[in-house]
Amino acid sequence: AFTKENSPLTINYIYSMASCSNDTILIEDQGAVHRFDGSNWETFDQKDWEFTSIQHMTCDEDGNILLGLSSGVAIFDGVSWNINLFPQSGEDKIYLKDMALAKNGDIWVSSSEHVARFSNGEWLIFDGEDFPGDENYYFIEHIILDHEQRPWVINSDGFMMFDGSSWGAFE
């Protein structure tokens, strides 16, 4: 067993783990993310991505590390971190709850009242005006991509799917 005594772990409590396609494991503990390939460790301190609140982590097919932060997404390309913050305005704040990575490299995220897609360096934000009906869609917690790469989200009134042009609700 790996502990802080025989590994780079900062404490003996693991917050989360993720598996990458290249048999690498990501491990989050207090203030750091560690990449372990079965033999070697690489540690990324929270100062590398400037934020402390990691909500989700994964790797893409190229082995890049993606961290879903409370206020955006950090991507490590093997050399440096690229921080992509959500556009924020007034009291309408976006706080990441969940994240899904599309095969084309797009990053989809859910937040309490929003869904966002990060594509080609730009955020596209969907909110109540984009969702079907007259209801307020709150508590959008989870997001997944189906086999056609369409995002599905769970919300307070059921779930919704984006078909590429509009959101449809299912109750």
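These are my notebook entries on a predicted model, taken one topic at a time.

**Entry 1: the four-stranded sheet**

I began with the sheet whose strands follow the order S9-S10-S11-S12, and I noted that it is open and that its pairing is antiparallel. S9 and S12 stand at the edges with a single partner strand each, so one side of each has no neighbour in the sheet. From one strand to the next, the twist averages 20°.

I then went through the pairs of strands. S9, which covers residues 96-101, pairs with S10 over five bridges, and within this pairing Ala-100 has Trp-108 as its bridge partner. S10 is joined to S11 (residues 115-119) by four bridges, and here Ser-110 stands opposite Val-115. S11 and S12 are joined by five bridges, with Arg-117 opposite Leu-124.

I also looked at the turns. The hairpin of S9 and S10 has five residues between its strands, and Gly-105 takes a positive phi near 95° there. The hairpin of S10 and S11 has three residues between its strands.

**Entry 2: strand S10**

Which way do the residues of S10 point, and are they buried or exposed? I found that Ile-107, Val-109 and Ser-111 point one way while Trp-108 and Ser-110 point the other way, and that all of them are buried. This fits the count for the strand, residues 107-111, in which five of five residues are buried. I reminded myself that side chains in a regular strand alternate between the two faces of the sheet.

**Entry 3: Glu-141, beside S10**

I looked up Glu-141 next, and I found it in the loop between strand S12 (122-126) and strand S13 (143-145). Its relative accessible area is 29%, so I wrote it down as partly exposed. Glu-141 and Val-109 are 32 residues apart in sequence, and their C-alpha atoms are 9.4 Å apart in space. Leaving out residues up to four places away in sequence, I listed the contacts of Glu-141 as Lys-97, Asp-98, Ser-110 and Ile-154.

**Entry 4: the nonpolar cores**

Which residues of the largest nonpolar core touch the most other members? The core has 14 residues, and the ones I was looking for are Leu-26, Met-57, Ile-65, Leu-67 and Trp-81. Strands S5 (54-59), S6 (65-69) and S7 (72-76) each supply at least two residues of this core.

I followed Leu-26 further and found that, beyond its neighbours up to four places away in sequence, it touches residues including Met-17, His-34, Arg-35, Met-57 and Ile-65. There is also a second, separate core of 13 residues, and Phe-131, Ile-140, Met-160 and Trp-167 are among them. As a general note, nonpolar side chains tend to be buried together in soluble globular proteins.

**Entry 5: aromatic rings**

I noted a total of 16 aromatic pairs. I examined the pair of Phe-2 and Phe-36, whose ring centres are 5.1 Å apart and whose planes stand at 70°, so the pair is edge-to-face, given that angles over 60 degrees count in this way. Phe-2 lies in the segment before strand S1 (16-19) and Phe-36 lies in strand S3 (residues 32-36), so the pair ties together parts 34 residues apart in sequence. Phe-2 is partly exposed at 47% relative accessibility, whereas Phe-36, at 12%, is buried.

I also recorded one aromatic cluster formed by Trp-108, Phe-126, Phe-131, Phe-162 and Trp-167. Two names in it were already in my entries: Trp-108 as a residue of S10, and Phe-131 as a member of the second core.

**Entry 6: salt bridges**

How many salt bridges does a search of the whole structure find? It finds four. In one of them, Glu-42 meets Arg-35 at 2.6 Å, N to O; Glu-42 is partly exposed at 33% relative accessibility, and Arg-35 is buried at 16%.

In another, Asp-106 meets Arg-117 at 4.0 Å, N to O. This pair links Asp-106, in the loop between S9 and S10, with Arg-117 in strand S11, 11 residues apart. Asp-106 is buried with a relative accessible area of 11%, while Arg-117 is partly exposed at 22%.

Last, I noted that Arg-150 and Glu-148 meet at 3.7 Å, N to O, and that Asp-146, Glu-148 and Arg-150 are linked in a network of salt bridges. Arg-150 is partly exposed, at 23% relative accessibility.

Notes
Residues numbered from 1 in each chain as written. Predicted model: local features only at pLDDT ≥ 70, side-chain atom pairs only at ≥ 80, totals over all residues. Heavy atoms only, no water. Phe/Tyr/Trp six-rings, centres within 6.5 Å; stacked < 30°, edge-to-face > 60°. Buried < 20%, exposed > 50% of the residue type's maximum accessible area, 1.4 Å probe, protein only. Core = buried A, V, L, I, M, F, W, Y, C linked by side-chain atoms within 4.5 Å. Contact = heavy atoms within 4.5 Å. Pairing = 2+ DSSP bridges. Axes fitted to C-alpha atoms, helices over the stretch in contact; angles between N-to-C directions. Salt bridge = Lys/Arg side-chain N within 4 Å of Asp/Glu carboxyl O.
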